[in-house]
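Biologist: Could you take me through the main nonpolar core of this one, up close? I'd like to hear what builds it and what sits around it.

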Amino acid sequence: MWVLFRYLNRQILTSLFGLTFLLLFVFTSTRFAQYLTEAATGQISADVLAPIMAYRLPGFLQLILPLALFLSILLSYGRMYLDAEMTAIFASGVSKSRLVAVTMGSGFAIALVVGSMSLYLNPLGRQQTERILLEQAKRSRFELVTPGRFQRFSEGEDGRVSYVESLSNDDREMRNVFMAETDKEKGQTAVLTGESGHLFYDAATGNRFLVINNGARYVGTPGQADYRSVTFDTYGIRLDEPSLEREAFDETIPTATLWRSDSPKASALLQWRLSLPMLAPIVALLAVSLSRVNPRQGRFHRLLTALLVYVSYLGLLIYCKKAVAKQSLPEWLGLWSVHVAYFCFGLLLLYGQEIRLRLQPRSSTP
């Protein structure tokens, strides 16, 4: 039994590591591209990309590991059915129940890892991520300027576009500044140039200014010759304060706080965090049944069906989470009903044939 346990779990874990790495690469690539775009447009500093992705890692893994476990069991056991290894295992006296018990070793191990991430590591990581993003939001976008690149610092048609040729060694002074700003209501465009610029904080008013030195400002309507020009030694532009509003209920809230809260949103989020570790052993049970294939059918014969089962499982959990938060589904029923339904479905797939044979009436012979 111990030899069988080690062999089966080695097959599962070998596939698990490869699938986890592949899925992690796919999941993180999209998110990293979004953060990279924000860094390129000056919304965040490029220096914080690595810490942010590191802190978001538990959030990715808590969703990836159950799926990777599900696929690894399907592929590993599917290959063993194809090579007649499962036939030899069953012929040696191993029952389906014992095969499930052995497989659950990996399922419960992954459940412990996912539980630690969903209940503790992911909220902690999201708190650190929000702290970094909040610190970035407190900084003016001109503090995140990238030399040699045109950057838009306002949304819409009234956006402000700036260009800085270079920065001083201490990054406090901008050299050869260009700025263009469009006023949609007046239909005018203002262009400002200067030899240098720096940020100035007025302690008396609490306002921040971009101060441009030795430049000129041109204001007029594009296509007309009525531009007005003004030269200056010093010109100040007051910078708007960024919005620092954050959502009250999100992944940053510690699990202990959710336990003490009576809010439906808190209950939905708590049930979701508890559901992720429960997902692992139940999908392991489903995978044992769905991995059984005929050697003539091929290793991937049931892969599409299995993926549809997994997607429907996760989709119903997400739907019930939203329903509990909106109070359209009782909290006591919540996400637990989905787990119970798919657990029973897994048992039915595994033992359905035996149950049907036992329920059939036995024919009596004269």
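Modeller: Quick ground rule before we dive in: contact here means heavy atoms within 4.5 Å. Also keep in mind that this is a predicted model.

With that in hand, start at F70. Skipping its neighbours within four places in sequence, F70 is in contact with V283, L286, A287, L290, A306, L307 and Y310. F70 belongs to the largest nonpolar core, a set of 69 residues, and is listed with L8, L69, Y77 and Y313 as touching the most other members. Helices α1 (2-40), α2 (49-82), α3 (85-91), α4 (96-138), α6 (264-290), α7 (303-325) and α8 (336-359) each put at least two residues into this core. The top contributor is α2, which gives 18 residues. There's a second core apart from that one, made of 10 residues, including V177, M179, L192 and F232. As a rule of thumb, nonpolar side chains in soluble globular proteins tend to be buried together.

Now the rings. The structure has 4 aromatic pairs. One of them joins F232 and Y235, with centres 5.2 Å apart and planes at 35°, so it lands in the tilted class, between the under-30 cut-off for stacked and the over-60 cut-off for edge-to-face. The two partners differ in burial: F232 is buried at 11% relative accessible area, while Y235 is partly exposed at 25%. Back at the largest core, Y313 turns up again, since ring pairs link Y313 with Y342 and F345 in a cluster. Over at Y35, the ring has company of another kind: the charged end of R31 sits over it, 5.8 Å from the ring centre.

Finally, the charges. Side chains of opposite charge can pair when their charged atoms come close. The count here is 2 salt bridges. In one, R79 meets E85, with 3.0 Å between the closest N and O atoms; E85 is partly exposed, at 22% relative accessibility. The other joins E251 to R273, at 3.9 Å from N to O. E251 sits in the loop between β6 (228-239) and α5 (255-260) while R273 is in helix α6, so this bridge ties together parts 22 residues apart in sequence. Both ends are tucked away: E251 is buried at 15% relative accessibility, and R273 is buried at 1%. Helix α6, then, carries R273 of that bridge and also supplies residues to the largest core.

Technical notes
Residues numbered from 1 in each chain as written. Predicted model: local features only at pLDDT ≥ 70, side-chain atom pairs only at ≥ 80, totals over all residues. Heavy atoms only, no water. Phe/Tyr/Trp six-rings, centres within 6.5 Å; stacked < 30°, edge-to-face > 60°. Buried < 20%, exposed > 50% of the residue type's maximum accessible area, 1.4 Å probe, protein only. Lys NZ or Arg CZ within 6 Å of the ring centre and 35° of its normal. Core = buried A, V, L, I, M, F, W, Y, C linked by side-chain atoms within 4.5 Å. Helix = DSSP H or I, 4+ residues; strand = E, 2+ residues; numbered from the N terminus. Salt bridge = Lys/Arg side-chain N within 4 Å of Asp/Glu carboxyl O.
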